[in-house]
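I set out these entries to record what I looked up in one structure. They cover a histidine, a helix and the aromatic rings.

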Amino acid sequence: MKKINFYFKHKLKTGIFGLSAVFFLYLLYLSIPSLYDTGRVQKALYNNLVEEFGLNLSLSSDITYRILPKPHFHIKDSKIFRDKNKDLEEIGEIKDVRLFISQKNFFNKENINIKEMVLSRGNFFFNRENYDYIIDLLKKDFSTKKISIKKSKLFFNDKSKTIIFIYTIDNLNFFKNEKENKQELKTKGQIFKIPVKLNWEKNLTN
């Protein structure tokens, strides 16, 4: 009986030690991106945003890597630009950008794969001359990777730059639903303090 108890306790300690070692190694693996060069990360993320999302998002050098709630890069004070006759027009200022990344291969620092993007505390500026940016966005194929906009505001101005209305965005998500082969955009917010909820879909089959 004593031998059985000793054997059980030995196996239990070995199992606990093994699990602890695996968990520790996993945390070390997740910490690898914190060792990346900031300049390389900034360039790799920008290229990924252009290729995957078609988004000209100018990222600041204020980049922090965080493990929780899942591995991501947190970037402060970024800007969105629209190409206008070979010139760049600023259409958005984002206080907080969170780019959640794939955990497949952190040893390859040149290949950072963005899985999801969350933009928070942003201001977007549109008028009659550049609102076609939104129309073109809806016409294009969305990425299968979700883009979320939270706690932001969309300003629409007239020709004299007077604000016509402000749309307060509580939450906005858009992505391509591969299973149902359609594009989805869902948003919830306020216009003139009136609650607005919109679900938009584009069936890609027909």
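**Entry 1: His74**

I listed the contacts of His74, a contact being heavy atoms within 4.5 Å. Apart from its neighbours within four places in sequence, His74 is in contact with Asp62, Ile63, Thr64, Arg66, Asp96, Val97 and Arg98. I note that this is a predicted model, in which local features need pLDDT of at least 70 and side-chain atom pairs count only at pLDDT 80 or more, while totals for chains, interfaces and linings use all residues. Residues are numbered from 1 along each chain as its sequence is written, and side-chain values use heavy atoms, with hydrogens and water left out.

I placed His74 in strand β3; helices (H or I, at least four residues) and strands (E, at least two) are DSSP runs, numbered from the N terminus. His74 is buried, at a relative accessible area of 5%. Buried means under 20% relative accessible area, exposed over 50%, and partly exposed in between, with a 1.4 Å probe and protein chains only.

I then looked up the polar contacts of the His74 side chain. A polar contact is a pair of N or O atoms within 3.5 Å; within protein, one must be able to donate a hydrogen and the other to accept it, and residues adjacent in sequence count only if both atoms are side-chain atoms. The His74 side chain makes one such contact with the side chain of Asp96 (2.9 Å) and one with the side chain of Arg66 (3.4 Å).

**Entry 2: helix α2**

I checked the span of helix α2 (residues 38–53): its 16 residues should cover 22 Å at 1.5 Å a residue, and its end C-alpha atoms are 22 Å apart, which agrees. The expected span is 1.5 Å times one less than the number of residues.

Which residues of α2 are buried? I found Val41, Ala44, Leu45, Asn48, Leu49 and Phe53. They lie on the same side of α2, because they cover an arc of only 135 degrees around the axis, the arc being that of the directions from the helix axis to the C-beta atoms. These buried residues pack against β1 (57–58), β2 (63–66), β3 (72–84), β4, β5 and β6 (147–157). Lys43 and Glu51, on the other side of α2, are exposed.

At the N-terminal end of α2, I recorded Asp37 as a cap, with a side-chain oxygen 3.2 Å from the backbone nitrogen of Gly39. Gly54, just after α2, takes a positive phi of about 65 degrees.

**Entry 3: Tyr29 and the aromatic rings**

I counted rings of Phe, Tyr and Trp (its six-membered ring) as paired if their centres lie within 6.5 Å, with planes under 30 degrees apart stacked, over 60 edge-to-face and the rest tilted. This rule gives seven aromatic pairs. One of them, Tyr29 with Phe106, is stacked, at 5.0 Å centre to centre and 20 degrees between the planes. Tyr29 lies in helix α1 (residues 2–30) and Phe106 in the loop between β4 (87–101) and β5 (114–127), so the pair ties together parts 77 residues apart in sequence. Tyr29 is buried at 17% relative accessible area, and Phe106 is buried at 3%.

I also noted that the side chain of Tyr29 reaches the backbone oxygen of Gln103 at 2.7 Å. Elsewhere, Phe142, Phe174 and Trp200 form one aromatic cluster.
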